[in-house]
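Student: I should like to take a close look at a single part of this structure and at the side chains around it. Could you please guide me through it in one connected account?

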Amino acid sequence: AGNAITSITIEGDETRFDDVWALIGLSYELASFVVITEDGIMFNPNIGEIVGYNGAATELVIPSEIEGVAVTSIGLSAFDANRSITSVTIPDTVTVIKHRAFASTKGNLVTLNLGNGVQEIHNSAFKGHGLTSLVIPESVTYIGEQAFKHTNMISNPLEFVTVNGDPTRFDEEWEMIGFALELASFIEMT
């Protein structure tokens with residue numbers, strides 16, 4: 001039960017596994033390159049990425065920097081399956097929200113404030129949310145498949161989606177992203 005490894009020594013280039021650390025089954029608590037803040041955010045300052053979380057906040061405000069390094073991305077599954085977070089605020093410094101970053105909240109994530117620097121929201125990033133409204137900043141150029149697919153535990157809670165800037169830029173991917181057609185500005189209901 002659990003990982004019995006208590007320490008790791010990497011010979012040679014110590015950074016060569018930084019981006020796949022969790023994928024190979026290693027705990028970030030064992031990573032010498034990860035900074036863990038007082039509130040439980042695990043941060044890799046080498047790449048400016050939040051890689052994990054072991055805190056207990058319900059209203060999470062992602063800092064724009066940690067120990068003087070800009071937070072520019074939220075990593076693969078960094079907050080995946082966290083069911084205590086109900087609200088997330090992402091700063092303007094974050095440009096990328098990676099695959100499953102905030103997935104599997106079982107509908108508990110109900111408030112999301114995306115910073116104006118976010119450019120990419122990867123596949124399933126917020127899959128399983130409970131959001132009732134969403135504002136997509138003008139800076140966003142890519143939203144992956146099922147990025148905003150709601151949880152199967154409740155009917156789709158989204159009542160409003162506002163796309164700032166060119167509101168047509170996601171029309172072709174609208175349903176694939178996880179948005180209901182009824183929320184699309186390009187659909188006329190008769």
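Tutor: A strand, in the sense used here, is a DSSP run of E with at least two residues, and strands are numbered from the N terminus. The model before you is predicted. With that understood, we may begin at Leu60, which lies in strand 4, a strand made of residues 59–61.

Is Leu60 buried or exposed? Its relative accessible area is 4%, and buried means under 20%, so Leu60 counts as buried. Which residues, then, are in contact with Leu60, if its neighbours within four places in sequence are left aside? They are Ile41, Tyr53, Phe79, Ile85, Ser87, Val88, Thr89 and Phe102. The chain also brings Ile90 into this picture: Leu60 and Ile90 are 30 residues apart along the chain, and their C-alpha atoms are separated by 8.7 Å.

Two of the contacts of Leu60, Tyr53 and Phe79, deserve attention together. A pair of aromatic rings is described by the distance of the centres and the angle of the planes. The structure holds six aromatic pairs. One of them joins Tyr53 and Phe79, with 5.1 Å from centre to centre and 40 degrees between the planes, and this pair is tilted. Tyr53 belongs to strand 3 (residues 49–53), whereas Phe79 sits in the loop between strand 7 (73–74) and strand 8 (87–89), so the pair ties together parts that are 26 residues apart in sequence. Both Tyr53 and Phe79 are buried.

A second pair may be set beside this one. The ring centres of Phe126 and Phe148 are 5.2 Å apart and their planes meet at 5 degrees; planes under 30 degrees apart count as stacked, so this pair is stacked. Phe126 is in the loop between strand 11 (120–121) and strand 12 (133–136), and Phe148 is in the loop between strand 13 (142–143) and strand 14 (160–163), so here the parts tied together are 22 residues apart in sequence. Phe126 and Phe148 are both buried. Ring pairs link Tyr53, Phe79, Phe102, Phe126, Phe148, Trp174 and Phe179 into a cluster. Among the members of this cluster, Tyr53, Phe79 and Phe102 are also contacts of Leu60.

We now turn from rings to charges. Side chains of opposite charge can pair when their charged atoms come close. How many salt bridges are there? The count comes to two. In one, the side chains of Glu49 and Lys98 meet at 2.6 Å, N to O. Glu49 lies in strand 3 and Lys98 in the loop between strand 9 (96–97) and strand 10 (111–113), so this pair ties together parts that are 49 residues apart in sequence. Glu49 is buried, with a relative accessible area of 9%, whereas Lys98 is partly exposed, at 28%.

The other salt bridge is formed by the side chains of Asp80 and Arg100, at 3.3 Å, N to O. Asp80 lies in the loop between strand 7 and strand 8, and Arg100 in the loop between strand 9 and strand 10, so the parts joined are 20 residues apart in sequence. Asp80 is partly exposed at 26% relative accessibility, and Arg100 is partly exposed at 22%.

To return to our starting point, Leu60 is a buried residue of strand 4, in contact with residues that include Tyr53 and Phe79, which themselves form a tilted aromatic pair.

Key. Residues numbered from 1 in each chain as written. Predicted model: local features only at pLDDT ≥ 70, side-chain atom pairs only at ≥ 80, totals over all residues. Heavy atoms only, no water. Helix = DSSP H or I, 4+ residues; strand = E, 2+ residues; numbered from the N terminus. Buried < 20%, exposed > 50% of the residue type's maximum accessible area, 1.4 Å probe, protein only. Contact = heavy atoms within 4.5 Å. Phe/Tyr/Trp six-rings, centres within 6.5 Å; stacked < 30°, edge-to-face > 60°. Salt bridge = Lys/Arg side-chain N within 4 Å of Asp/Glu carboxyl O.
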